[in-house]
Amino acid sequence: MKLKMNSKYFKWGITAFSVIAGGICFYYLIFHISEFTQNVKSLFSVVMPVVFGLIIAYLLTPILNFIEQKILHPLFDRLKIKETARRKKIIRGIAVILTSLLMIFAIYALIAMLISQIVPSIQTIISNFDGYVGDLSTWLNNLMEDNQELKNYVMPQVTKLFSSLETWLDDTANLLEKSGEVLKTVSLSILSFLKVAWNFIIGFIISIYVLASKETFSAQGKKMIYAIFETDSANAVLSSLRFVHRTFIGFISGKVLDSVIIGLLCFIGTTLLGTPYAALVSVIVGVTNVIPFFGPYLGAIPCAFLILIVDLSHPMNCVTFVIFILILQQVDGNLIGPRILGDSTGLSGFWVIFSITLFGGLFGVPGMIVGVPIFAVFFAAVKGLVNRSLQKKNLPLQSGVYLDMEYIDENGEVHKTEADDGNSTRQKMKEKHKKISEGFPFKRTFKKAADMSSDNSMEKQTKTEDREK
């Protein structure tokens, strides 16, 4: 017997099998959630190098495109080299090599700065910590000399805080003297570092292959989408994926570039102002600036506190630094940021804060960084569904139309609230609501039934009177 794929019995069988398999999977997921989570973690750990490679390739794609379109293609045109497949391969190979070298140089520069500038600054802070605590305690005592109640409350809290911090620093500094703990800590740290470094190296190699053949992978992905979905649905999927790409790559690459510029400007400004630990402060400000909205404050507050306790004899340095950071953030928010980022997300300030708070609470710092573009995609999807629903009903799409709207009649005409006072306004509203209610079908039916009942009762009363006569 030949099996017919389009037979209704075959489709029923596939549906029944899918329902049963889905029920079994749901049962397993509910009652074996820990095993399922562990399996997912194991699978994710295995494919981590590939994930690293895709992420690296995705982040390096704008640099590769810039090198190809702005540097190599104009250079080859000036050399009068014809447009052939061989030329494209040569340009792609040179662009991949230059992009990889730029990434290696950036990592090397970051590590060199950490070793030459930031590590000595942290060591100096740890070695002079006792002196900083004593200076800060003396300064607080002098500051609250006239308010004894506040002093009795604040000073014990400050002493407790610095005692805990000093204990942590002592444990860190004396860790070298504890061979067993050192061996265990160093071993775990080295293993974790080597694992991450190995995944990163393999991922970097994978990213080179992805960058070299990114058009091929893109074409294969499009072919699969059109094979799975209908043509209209596939077009919609591709359009959505392009929007997601523009949102993510525009926001992330722009925010990284913006943070690098802010870090460099902060280093120049703090160096000119004579701020202590200018390199460390600039790195903190630049890194935290990647986080939208909250980032500048998350970086500026600990830096200002560090400057204050390091240089208590000149507290105006801390005030000067705070003023400089406020000016720098205003320049970033009004000049640098809009030129680099533009309106890449399309979210208002409230939704930016909401997305950072939500994803930061769920996924920590990485969630705060990618939460805005993720929520922007979700917001755009909901907005598209709402607009399509309004279009089907022939209703206006602009939000401003609904701002002072009172109601929409059955013809789709928008009636706005009239600027009137007193009883006249209430009377007009009553009349409008009366007209609306009278327009409802059930209202007209009830009115017609009442009229018919009234007519019947009048006829009965007339017939009774005639009989009595």
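Glu215 comes out as partly exposed in this predicted model, with a relative accessibility of 43%. Its side chain meets that of Arg92 in a salt bridge, at 2.8 Å from N to O. The pair ties together distant parts of the chain, since Glu215 sits in helix α8 (residues 214–228) and Arg92 in helix α4, 123 residues apart. Unlike its partly exposed partner, Arg92 is buried, at a relative accessible area of 12%. Glu215 also has a salt bridge to Lys214, where the closest N and O atoms are 3.1 Å apart. Put together, Glu68, Arg92, Lys214 and Glu215 are linked in a network of salt bridges.

The count of salt bridges comes to six. Another of them joins the side chains of Arg87 and Glu83, with 3.5 Å from N to O. Here too the arginine is the buried member: Arg87 has a relative accessible area of just 3%, whereas Glu83, at 48%, counts as partly exposed. As a general point, side chains of opposite charge can pair when their charged atoms come close.

Turning to the interior, the largest nonpolar core has 15 residues. Cys266, Val281, Val285, Phe321 and Ile325 are the ones with the most contacts inside this core. Four helices give two or more residues to the core, namely α9 (231–273), α10 (278–288), α11 (295–310) and α12 (316–341). Of these, α12 supplies the largest share, with six residues. Val285 shows how the core is put together: setting aside neighbours within four places in sequence, Val285 touches Ile262, Cys266, Gly299, Cys303, Ile325 and Gln329. There is also a second, separate core of 14 residues, with Phe76, Ile91, Met103 and Leu211 among them. In soluble globular proteins, nonpolar side chains tend to be buried together.

Not every nonpolar side chain is tucked away, though. Ile107, Ile111, Ile115, Phe200, Ile201, Ile205 and Tyr209 make a nonpolar surface patch of about 660 Å². Two helices, α4 (85–127) and α7 (179–212), each give two or more residues to the patch. Helix α7 gives the most, with four residues. Ile107 belongs to helix α4 and counts as partly exposed, at 33% relative accessibility. That value qualifies Ile107 for the patch, because patch residues need over 30% relative accessible area.

Aromatic side chains are next. The structure holds six aromatic pairs. One of them is Trp351 with Phe379, a tilted pair with 5.9 Å from centre to centre and 50° between the planes. Both partners are partly exposed, Trp351 with a relative accessible area of 30% and Phe379 with 28%. Phe375 and Phe378 make another pair, with ring centres 6.0 Å apart and planes at 45°, so this one is tilted as well. The two phenylalanines, Phe375 and Phe378, lie in helix α13, three residues apart, or about one turn of the helix. Their surroundings are another matter: Phe375 is buried, at 7% relative accessible area, while Phe378 is exposed, at 52%. Trp351, Phe354, Phe375, Phe378 and Phe379 form one aromatic cluster.

Phe375 also turns up in the contacts of Ser355, a residue of helix α13 (residues 349–392). Leaving out neighbours within four places in sequence, Ser355 is in contact with Gly360, Gly371, Val372 and Phe375. Ser355 is buried, with a relative accessible area of 0%.

A last long-range link involves Leu59, in helix α3 (residues 48–78). The C-alpha atoms of Leu59 and Phe248 are 9.8 Å apart, although 189 residues separate the two along the chain. Leu59 counts as partly exposed, at 42% relative accessibility.

Methods:
Residues numbered from 1 in each chain as written. Predicted model: local features only at pLDDT ≥ 70, side-chain atom pairs only at ≥ 80, totals over all residues. Heavy atoms only, no water. Patch = residues over 30% accessible without salt bridge, like charges linked within 9 Å, V, L, I, M, F, W, Y side chains within 5 Å. Areas by Shrake-Rupley, 256 points an atom, 1.4 Å probe, with all protein chains shown as cover. Salt bridge = Lys/Arg side-chain N within 4 Å of Asp/Glu carboxyl O. Buried < 20%, exposed > 50% of the residue type's maximum accessible area, 1.4 Å probe, protein only. Contact = heavy atoms within 4.5 Å. Core = buried A, V, L, I, M, F, W, Y, C linked by side-chain atoms within 4.5 Å. Phe/Tyr/Trp six-rings, centres within 6.5 Å; stacked < 30°, edge-to-face > 60°.
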